[in-house]
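Let's take a walk through this structure together. Have a look at it first, and then we'll go from one small detail out to the whole chain and back again.

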Amino acid sequence: MPFRTSHVKRIDILQTSDSTVVQIGDAEEDILDANVLAVQREEVTFFESDYPLDRYALFGAAIPQPVVDEQLDIIKVNESPFIRVQLVTIQSVAASSVVQIGSTDFTCAESRVKTIRHLAH
């Protein structure tokens, strides 16, 4: 990874959630993972043991990975060794996301969300 210097004058982020990375500068790799179980109930009684993640196949299923079977030739020209940013304004960064000003060799992000709604009859 070629070395570059990041200059950020100002960054405003209102909210971040679980497994979020805000990175200014270079990184070898970013690996982000979030498992979210969102339960909405009209009755507001919850117990910690009500919803174990291993009960739901979604959280244990393998995610198919793409197979790249073609040769890619990439030529990059960075005309400046600097990344200059005046202002970045972000409302929210969701689960398993990255905001980065800089270079990364490898990024792997995974977010699994299961939503359950219990409504009174």
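**A walk through the chain**

Start at Thr20, whose side chain reaches the backbone oxygen of Ser17 at 2.6 Å. That same side chain also reaches the backbone oxygen of Ala94, this time at 3.2 Å. Before going further, keep in mind that you're looking at a predicted model. So where does Thr20 sit? You'll find Thr20 in the loop between β1, which covers 5-16, and β2, which covers 21-24. If you set aside the neighbours within four places in sequence, Thr20 is in contact with Leu32, Val93, Ala94, Ala95 and Ser97. Ala94, then, turns up both as a contact of Thr20 and as the owner of a backbone oxygen that the Thr20 side chain reaches.

Now zoom out to the whole chain. How many helices and strands does the chain have? The count comes to 0 helices and 6 strands. Read from the N terminus on, the elements simply go β-β-β-β-β-β.

What about the overall dimensions? Along the principal axes, the C-alpha atoms fill a box of roughly 65 × 40 × 20 Å. The radius of gyration of the chain is 20 Å, while a compact globule of 121 residues would come in near 14 Å. Of the 121 residues in the chain, 17% are buried. The accessible surface adds up to about 9600 Å², and carbon and sulfur atoms account for 52% of that.

The contacts tell you how the chain meets itself. Take the contacts with a separation of 6 or more: 79% of them are between residues 24 or more positions apart. For one pair that is far apart in sequence, turn to Thr107 in strand β6, residues 104-118. Thr107 and Asp30 are 77 residues apart in sequence, yet their C-alpha atoms are 4.7 Å apart in space. Is Thr107 buried, partly exposed or exposed? Thr107 counts as partly exposed, because its relative accessibility is 43%, which falls between the 20% and 50% cut-offs.

Strand β4 is the place of Val88. Leaving aside neighbours within four places in sequence, Val88 is in contact with Arg10, Ile11, Asp12 and Ile101. A separation in sequence can go with quite another distance in space, though: Val88 and Glu42 are 46 residues apart along the sequence and 39 Å apart from C-alpha to C-alpha.

Two of the contacts of Val88, Arg10 and Asp12, lead us to the charged pairs. Side chains of opposite charge can pair when their charged atoms come close. How many salt bridges does a search of the whole structure find? The search turns up 2. In one of them, the side chains of Arg10 and Asp12 meet at 2.8 Å, N to O. Arg10 is partly exposed, with a relative accessible area of 49%, and Asp12 is partly exposed too, at 27%. Another salt bridge joins the side chains of Glu110 and Arg112 at 2.7 Å, N to O. Here Glu110 is partly exposed, with a relative accessible area of 25%, whereas Arg112 counts as buried because its relative accessibility is 8%, and buried means under 20%.

Finally, follow the chain into the loop between β3, which covers 27-41, and β4, which covers 82-93. Ala62 lies in this loop and is exposed, with a relative accessible area of 74%. The C-alpha atoms of Ala62 and Gln40 are separated by 27 Å, and the two residues are 22 residues apart along the chain. Further along is Val68, found in the loop between β3 and β4 as well and exposed at a relative accessible area of 62%. Which residues make the nonpolar surface patch of about 340 Å²? Val68 makes that patch together with Leu72 and Ile74.

The loop between β3 and β4 is also the place of Val77. Val77 counts as exposed, at 67% relative accessibility. Val77 and Arg55 are 22 residues apart along the chain, and their C-alpha atoms are separated by 49 Å.

How values were computed: Residues are numbered from 1 along each chain as its sequence is written. This is a predicted model: local features need pLDDT of at least 70, side-chain atom pairs count only at pLDDT 80 or more; totals for chains, interfaces and linings use all residues. Side-chain values use heavy atoms; hydrogens and water are left out. Patches are made of residues with over 30% relative accessible area and no salt bridge: like charges are joined within 9 Å, nonpolar side chains (Val, Leu, Ile, Met, Phe, Trp, Tyr) within 5 Å. Accessible areas come from the Shrake-Rupley method with a 1.4 Å probe; for residues, only the protein chains shown count as cover. A salt bridge is a side-chain nitrogen of Lys or Arg within 4 Å of a carboxyl oxygen of Asp or Glu. Helices (H or I, at least four residues) and strands (E, at least two) are DSSP runs, numbered from the N terminus. Buried means under 20% relative accessible area, exposed over 50%, partly exposed in between (1.4 Å probe, protein chains only). The radius of gyration is taken over C-alpha atoms; the globule rule is 2.2 Å times the number of residues to the power 0.38. Contact means heavy atoms within 4.5 Å. A polar contact is a pair of N or O atoms within 3.5 Å; within protein, one must be able to donate a hydrogen and the other to accept it, and residues adjacent in sequence count only if both atoms are side-chain atoms.
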